[in-house]
Amino acid sequence: MGYTHYWYRVKVLPKSKFALAIADFKKIMPILDHIGVKLAGGNGSGSTEITTDAIIFNGMEKCGHSK
């Protein structure tokens, strides 16, 4: 048994609110990187994806931590 955290939101955000979410995410990304939190694309590899239609990220699959 493990710990799982779920996050729910409305399926569609108005463009103006989504634009605010994008701006917030772009502000916090350098801070996370500075403190050592490395983000990857949705499958744990590659780069995060930030577009006007999606914000896709995950922790790195190969982050260097032991299992």
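Glu61 is exposed in this predicted model, with a relative accessible area of 60%. That value is over the 50% cut-off, so the residue counts as exposed rather than partly exposed. If you want to find Glu61 on the screen, go to the segment after strand E4, which spans 58–59. From there, look across to Lys15: the two residues are 46 positions apart in sequence, and their C-alpha atoms sit 31 Å from each other in space.

Lys15 is a good place to stop next. This lysine counts as exposed too, at 56% relative accessibility. Which residue does Lys15 form a salt bridge with? The partner is Asp53, and the closest N and O atoms of the pair are 3.2 Å apart. The bridge links distant parts of the chain, since Lys15 belongs to helix H1 while Asp53 sits in the loop between strand E2 (49–50) and strand E3 (55–56). Along the sequence, 38 residues separate the two. Asp53 is exposed as well, with 62% relative accessible area. In the general case, side chains of opposite charge can pair when their charged atoms come close.

While you're at Asp53, check how its loop sits against another residue. Asp53 and Ile22 are 31 residues apart in sequence, yet the C-alpha to C-alpha distance is 9.7 Å. A second pair worth a look is Ile50 and Lys27, which are 23 residues apart along the chain and have C-alpha atoms separated by 12 Å. Ile50 is part of strand E2. With a relative accessible area of 24%, Ile50 is partly exposed; the cut-off for buried is under 20%, so this residue falls outside that class.

How many salt bridges does a search of the whole structure find? There are two. Besides the Lys15 pair, the side chains of Asp33 and Lys38 meet in a salt bridge, at 2.8 Å from N to O. Asp33 is partly exposed, with 44% relative accessible area, and Lys38 gets the label partly exposed at 42%.

Now for some greasy surface. Ile28, Ile31, Ile35 and Val37 form a nonpolar patch, and together they have about 350 Å² of accessible area. One of them, Ile31, lies in helix H1.

Helix H1 comes up again at the largest pocket. Rolling a probe the size of a water molecule over the atoms shows where empty space is left. Here, the largest pocket holds about 320 Å³ of space. What lines it? The lining is made up of 15 residues, and those nearest the pocket's centre are Arg9, Leu13, Phe18, Ala21 and Ile55. Helix H1, covering residues 15–34, gives the most to this lining, with four residues. Sorted by class, the lining has ten nonpolar residues, four charged ones and one polar one.

Notes
Residues are numbered from 1 along each chain as its sequence is written. This is a predicted model: local features need pLDDT of at least 70, side-chain atom pairs count only at pLDDT 80 or more; totals for chains, interfaces and linings use all residues. Side-chain values use heavy atoms; hydrogens and water are left out. On a 1 Å grid over the protein atoms alone, a cavity is a set of points where a 1.4 Å probe fits but cannot get out, and a pocket is an open set with protein on both sides within 12 Å along at least five of seven lines; lining residues have an atom within 4 Å of a point. Grid points are joined across faces, edges and corners, and a volume is the space filled by probe spheres set on the points. Ala, Val, Leu, Ile, Met, Phe, Trp, Tyr, Cys and Pro count as nonpolar, Asp, Glu, Lys and Arg as charged, and the others, Gly among them, as polar. A salt bridge is a side-chain nitrogen of Lys or Arg within 4 Å of a carboxyl oxygen of Asp or Glu. Buried means under 20% relative accessible area, exposed over 50%, partly exposed in between (1.4 Å probe, protein chains only). Patches are made of residues with over 30% relative accessible area and no salt bridge: like charges are joined within 9 Å, nonpolar side chains (Val, Leu, Ile, Met, Phe, Trp, Tyr) within 5 Å. Accessible areas come from the Shrake-Rupley method with a 1.4 Å probe; for residues, only the protein chains shown count as cover.
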